[in-house]
Amino acid sequence: MTKLPLASFLAVLACLMPGCHAAAAPDPLAPTGRWSANTRGQAPTPPMGWNSWNAFGAAVDETKLMASARLLVDSGLAAKGYRYVDIDDGWWLKRRMPDGRMLVRTTNFPSAATADGGTSLRPLTDRLHAMGLKAGIYSDIGRNNCSQVFGGADAPNLPEGTQAERETGLYGHVEQDIALYFREWNFDLIKVDGCGIRGLGPDNPRVKAGLYRPLGPVIDFDDLPRTDIAEVRRLYGAVADALARTRPAGDYVLSLCLWGSADVRSWGKDIGNMSRTSEDISPTWARLLHNLDTTARRALYAHPGSWNDPDMLFIGKGEFDAAHMVEARSHLALWAMLNAPLLIGMDLRQATPDQIALLGWSQAIALNQDRAGNQAVLAYDSAEVQIYVKTLADGTKAVALLNRSAAPTHATLTAEHAKLTGTIATTDLWTGKTGSFTGETTVPLAPHETVLLKLLGRHRLANGLYLSEMPGSVNPAVDGVVQPQPDPLVHRGLLPWNDTRGAGEHPRYGGWGGAAVDSGPYGQQLQAGHEKLDTGIGILAGSRMEVRNAGHARFTARVGVDDAAWGNSGAVTFLVYGDGRLLAQSAPLRAGHALVPLAADVRGVHLIELVARPTTASVAPDPVVWGEAALLN
Ligand code: GLA
């Protein structure tokens, strides 16, 4: 295994960035005293609303959009939080030349026609705002959009005109377009897709035919090492900066749509308010499992202001239609637990009263919108049954028991799963049925059913919280992953638009080796010095985590190098900082060494940083354990 002295390794890493000066290479493990996950924009809880894509594809128009907007209000769903009405692909006509101003297709959006022969979506956003709603628009980070790149020749509403006029994406027009959409047209949200930097390399047949200019590809979806991750990040960062300048009050949402490519898992949380973790969902159970899996193990990568996005709801279609209400309920329950943005994707004119009631399921919405922002964590995992646990701001627990299979089964829920003890009161959040158990309880599960329970009991940790109970306040600012690799644990559902052509989907979403709750970074049980632990944070050596402290007095953990280590990192020193000052530090620890207690007084400290500093940098750093890491009163 390659081993480099730490200083030169960090210098090499830093010099992969543009403008590198070897002598001044910054130390990524140095404390900053700052929470670095995104807090710009306006998403303290996951955005909720409606988006045109799953309902209408690119065949979106003003009548369809306003009908669903009206129904959001009239059905009471808007009052329950579904406020964003988002136009997806298909709204544009062309980019006017030579001034580059974007024009709207007025045959589909008649209210956009202006007296001077131009177009403006301001009348539309004014109407939405007057209804108490918010308005979202859609663009691409490249020169061209997804329908142009991946749509068939018969795709509706493709941009028209010359090659330059058909360049509707943000590339080269960031300032101009963001000013138009957010200052002039007054939108509140933008979804920025990535097709234009993914699919239009010089070999693309449409490029060869002269339809579009070549660009990149900057993203190679199937090959992480061939993706220019820093460039993708730079392009999206420029959009985030333009938004912050255009809307200094911060009243906007930036939605990143990179489908888990370009290792967006590790940096999307620093730039956007929500970030897609996978390819598009489609209305099949297999794709739901696929999208779910891309988000399920990333609880530490989502926080108030920056949410994981497993894609929009498909309730109302296919295997989530009116004949599949069990699956539809699972969809909403799981998305709520994962703090996914809740974006309805159906034509609300077709919605049955039962579907409206499901979308308006107040208890599920309350979990999703809980202000602590803790994404549910996987407490039990298998291909058949999963148990997710979410700690709410008031200390109560929500549990989802999911039957992924098509056969009836059951789940045995234990007090340990929820980190509770004693007698535990339960409420079924769908039926309202109450009960209680001590130790464990068995819950029957119909095929594809998710049972959502609220649990009230004594916390196993009486005088504080384990960090694994508060992932929304823990940010792996540097997670130690040196070479991003696809996560192999994602269910590889059949992709309906490919059917079984080719060999099927290979693991493609970076994330393997990322920081994990109650497990090692590669899914193994936490274990150091031959001692197994059932709680703690597993992360790689060469990492720095930021922890928000809202009034706790003491940090404690038992730390060590995980027994799964190969010894590549040499010894690892564990350091605890408070608002940038060193508070505690372990001796250098090697694999096999017993866990070592580490504690620090954090009274008055706002930001704690947990650093695992290796003596030897490696392309394959060792897993380390912040065992039983907790904040105590
Ligand atoms: C991509 C996105 C979808 C949708 C379409 C529009 O595939 O992932 O959510 O926006 O583009 O063409």
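This passage describes the surroundings of the ligand, the pocket that holds the ligand, and some unusual points of the backbone in a predicted model.

The ligand is surrounded by 13 residues, and those that come nearest are Asp-88, Asp-89, Lys-191, Asp-193 and Asp-280. When the residues of this shell are sorted by class, 6 are nonpolar, 1 is polar and 6 are charged. Two elements of secondary structure, helix 5 (146–150) and strand 7 (189–193), each contribute at least two residues to the shell around the ligand.

Several side chains place a polar atom beside an oxygen atom of the ligand. For Asp-280, which is also one of the residues that come nearest to the ligand, the distance between a polar side-chain atom and a ligand oxygen is 2.5 Å. For Asp-193, likewise listed among the nearest residues, the corresponding separation from a ligand oxygen is 3.0 Å. A polar side-chain atom of Trp-259 is found 3.1 Å from an oxygen atom of the ligand. The ligand taken alone would expose 300 Å², and 92% of that area is buried by the protein.

Empty space in a model can be located by rolling a probe the size of a water molecule over the atoms. In this model, the ligand sits in the second largest pocket, and the space within that pocket amounts to about 1,100 Å³. The lining of the second largest pocket is made up of 47 residues, with Phe-150, Arg-198, Glu-279, Asp-280 and Trp-497 lying nearest to the centre. Asp-280 therefore appears in two descriptions, being named among the residues that come nearest to the ligand and among those nearest the centre of the pocket, where a residue of the lining has an atom within 4 Å of a pocket point.

By class, the lining of the second largest pocket comprises 20 nonpolar, 11 polar and 16 charged residues. Helix 2 (53–56), helix 5 and strand 7 each provide at least two residues of this lining, and helix 5 gives the most, with 3 residues. Helix 5 and strand 7 also each supply at least two residues of the shell around the ligand.

The backbone was also examined for unusual geometry. Most residues other than glycine have a negative phi, and most peptide bonds are trans. Against this background, the peptide bond that leads from Met-97 to Pro-98 is cis, with an omega near 10 degrees, and Pro-98 is placed in the loop between strand 4 (92–95) and strand 5 (102–104). Another cis peptide bond joins Gly-216 and Pro-217, with omega at about 5 degrees, and Pro-217 belongs to the loop between helix 7 (205–208) and helix 8 (229–246).

A positive phi of about 65 degrees is found at Asn-186, although this residue is not a glycine; Asn-186 lies in the loop that runs between helix 6 (174–184) and strand 7. His-530, which is not a glycine either, has a positive phi of about 65 degrees, and His-530 is located in the loop between strand 23 (527–528) and strand 24 (531–532).

Conventions:
Residues numbered from 1 in each chain as written. Predicted model: local features only at pLDDT ≥ 70, side-chain atom pairs only at ≥ 80, totals over all residues. Heavy atoms only, no water. Near = heavy atom within 4 Å. Polar contact = N/O pair within 3.5 Å; in protein donor to acceptor, adjacent residues only side chain to side chain. Areas by Shrake-Rupley, 256 points an atom, 1.4 Å probe, with all protein chains shown as cover. 1 Å grid on protein atoms, 1.4 Å probe; cavity = no way out; pocket = protein on both sides within 12 Å on 5 of 7 lines; lining within 4 Å. Sits in = over half its atoms within 2 Å of the grid points. Helix = DSSP H or I, 4+ residues; strand = E, 2+ residues; numbered from the N terminus. Nonpolar A, V, L, I, M, F, W, Y, C, P; charged D, E, K, R; others polar. Points joined across faces, edges and corners; volume = space filled by probe spheres on them.
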